[in-house]
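This report describes selected parts of one protein model. The sequence and structure come first, followed by notes on individual elements.

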Amino acid sequence: MRRRFSAGGVLHIYQRTISGFNIFYSLEDFLVFYTIISVKAKIHKVCLMGLCFMVDHLHQLASADSLSRINDFVSESTSLYVREFNKRTGRKGPLFEQAFGSALKTEFKKIRSAIAYLFNNPVEKMLCTSAEQYRWNFLAYYNPCRQKHTSFRHLSRALKRAKNIVDFRYKENKHLKYATLELLFKGLNADEREVLINYIIGRYLPFDIEKTRKYYRSYDDMVIAINSNTGSEHELTEYHYCKSDLPYRDILSCLKSHGIKDVHEVLTAKENVKKKLFALLRSKTSATSTQIRKFLHMACST
C-alpha cells in the first residue's frame with residue numbers, strides 16, 4: 001500500500017521486530033538506540049513529538065517536509081542500531097520487519113489520541129500505573145522543571161569526565177556506542193549512574209516538546225489528559241499477544257540469579273542450551289512459552 005503523507009500532518013510510526021523477538025535487554029540497549037534516533041532525527045530534519053520503546057517494538061510520532069526524510073530517518077536509525085546490537089550480541093541478520101507501519105494524523109483530536117496512545121503503551125502492558133512513571137516513553141522529560149541540567153560542580157571526577165564525553169559526542173552528532181557507555185558508567189555508584197542516565201536523556205532530547213504541548217495547556221494538563229484517556233489507533237496493525245510485559249522482568253531476574261551476568265549471551269547460545277533455559281524459565285517464572293521464545297529468539301516450532 002502507498003504510504004499516506006502530508007507535510008502538515010503527523011505520522012504515527014510503528015516498528016515491529018521479526019517474529020516478535022525482544023530487542024531491549026539492558027539499559028545500554030535503550031540508550032544506544034535512543035541516542036541514534038536523536039542524532040538521525042537532527043541530521044534528517046525530522047521533528048519528533050514522541051517516542052516509546054517497548055520490549056519488542058517501538059512507536060514514534062514524527063513530521064517532516066517530505067516523506068523521503070521520514071524514510072531515510074527510520075531506515076538509517078534502525079539499520080545502525082541493528083548493526084550495533086548484532087556486534088554487541090554476536091547475532092547476525094535483520095531484527096526488524098522490513099517495512100515500518102505508519103498512520104497519518106492531520107486532525108487535532110486524532111493527533112491528541114495518537115499522543116495518548118503512544119505514551120500509554122507501558123501502562124497497557126502493566127509496566128507502570130501512570131504514563132509518566134515509565135522512563136522509556138520519555139514523558140517525564142517533557143516536564144519543564146526537569147529540563148534544567150544537573151549541576152556537576154560538586155560531583156565526582158568520574159562523573160564529570162563522563163559528562164564531558166557525552167557533551168563531546170552530542171556536539172559531534174555522534175550516538176553513544178556500547179563501549180562508550182561501558183566507559184561512562186565505570187567507577188560510578190548507583191546514585192551517580194542515575195544522574196548520568198538522566199543527563200544523557202536530557203542532553204540528547206530530540207523532541208519538539210513545545211509542539212507536543214501545544215495540544216494541551218500545560219505539562220500538567222498533558223499528563224492528566226494522557227492518564228485519563230489511553231487514546232486509540234485503528235490504522236496500524238499491532239499484535240497484542242499478552243496483556244502484561246512484567247514476566248520479562250521475571251526472566252531477566254531468573255537468568256541473573258543463575259549466573260548469567262550478560263543476558264545478551266542467550267541470543268547466540270546453541271539450540272540445546274536454549275532448550276534448557278526454556279525449561280528453566282517455564283518452571284521458575286510467570287512467563288508464557290511464547291514470551292520465553294521471544295526473549296530467547298527461538299523459532300515457534302522449536
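## Strand 4 and its surroundings

The model is predicted. In it, 4 of the 5 residues of strand 4 are buried, so this strand is largely enclosed by the rest of the structure. Strand 4 spans residues 101-105, and Ser102 lies within it.

Ser102 has a relative accessible area of 18%. Because the cut-off for buried is under 20%, Ser102 counts as buried. Its side chain makes a polar contact of 2.7 Å with the side chain of Arg3. Leaving aside residues up to four places away in sequence, Ser102 touches Arg3, Leu11, His12, Ile13 and Leu236. One of these, Leu11, has Leu104 of strand 4 as its bridge partner.

## The sheet

Strand 4 belongs to an open sheet of 4 strands, in the order 2-3-1-4 and with antiparallel pairing. Strand 2 (47-53) and strand 4 stand at the edges; each has a single partner strand, so one side of each is left without a neighbour in the sheet. From one strand to the next, the twist averages 15°.

Strand 1 (residues 10-16) runs antiparallel to strand 4, and 5 bridges join the two. Strand 1 also runs antiparallel to strand 3 (residues 57-63), here with 6 bridges. In this second pairing, Ile13 stands opposite Gln60 of strand 3. Helix 1 (residues 27-43) packs on the sheet, where it touches strand 2 and strand 3. The direction of helix 1 makes about 165° with that of strand 2.

## Arg91 in the loop before strand 4

Arg91 is placed in the loop between helix 2 (67-89) and strand 4. Is this residue buried or exposed? With a relative accessibility of 14%, Arg91 counts as buried.

The side chains of Arg91 and Asn86 are joined by a polar contact of 2.7 Å. Asn86 is also among the residues that Arg91 touches when those up to four places away in sequence are not counted; the full set is Phe85, Asn86, Thr268 and His297. Ser19 is 72 residues from Arg91 along the chain, and the C-alpha atoms of the two are separated by 15 Å.

## Helix 12 and His297

His297, one of the residues touched by Arg91, follows helix 12 and has a positive phi, near 60°. Helix 12 itself (residues 289-296) is mostly covered, with 6 of its 8 residues buried. These are Gln291, Ile292, Arg293, Lys294, Phe295 and Leu296. The buried residues of helix 12 pack against helix 10 (246-257) and helix 11 (271-284).

## Helix 6 and helix 7

Helix 6 (residues 178-185) packs with helix 7 (residues 190-203) at an angle of about 140°, and their axes are 10 Å apart. The two helices are therefore oblique to each other, because only angles over 145 degrees count as roughly antiparallel.

Which residues of helix 6 and helix 7 meet? From helix 6 they are Leu181, Leu184 and Phe185, and from helix 7 they are Arg193, Leu196, Ile197 and Ile200. By class, this contact has 6 nonpolar residues, 1 charged residue and no polar ones.

Key. Residues are numbered from 1 along each chain as its sequence is written. This is a predicted model: local features need pLDDT of at least 70, side-chain atom pairs count only at pLDDT 80 or more; totals for chains, interfaces and linings use all residues. Side-chain values use heavy atoms; hydrogens and water are left out. Buried means under 20% relative accessible area, exposed over 50%, partly exposed in between (1.4 Å probe, protein chains only). A polar contact is a pair of N or O atoms within 3.5 Å; within protein, one must be able to donate a hydrogen and the other to accept it, and residues adjacent in sequence count only if both atoms are side-chain atoms. Contact means heavy atoms within 4.5 Å. Two strands pair if DSSP finds at least two bridges between them. Axes are lines fitted to C-alpha atoms, for helices over the stretch in contact, and angles run from 0 to 180 degrees between N-to-C directions. Angles under 35 degrees count as roughly parallel, over 145 as roughly antiparallel, 65 to 115 as roughly perpendicular and the rest as oblique. Ala, Val, Leu, Ile, Met, Phe, Trp, Tyr, Cys and Pro count as nonpolar, Asp, Glu, Lys and Arg as charged, and the others, Gly among them, as polar.
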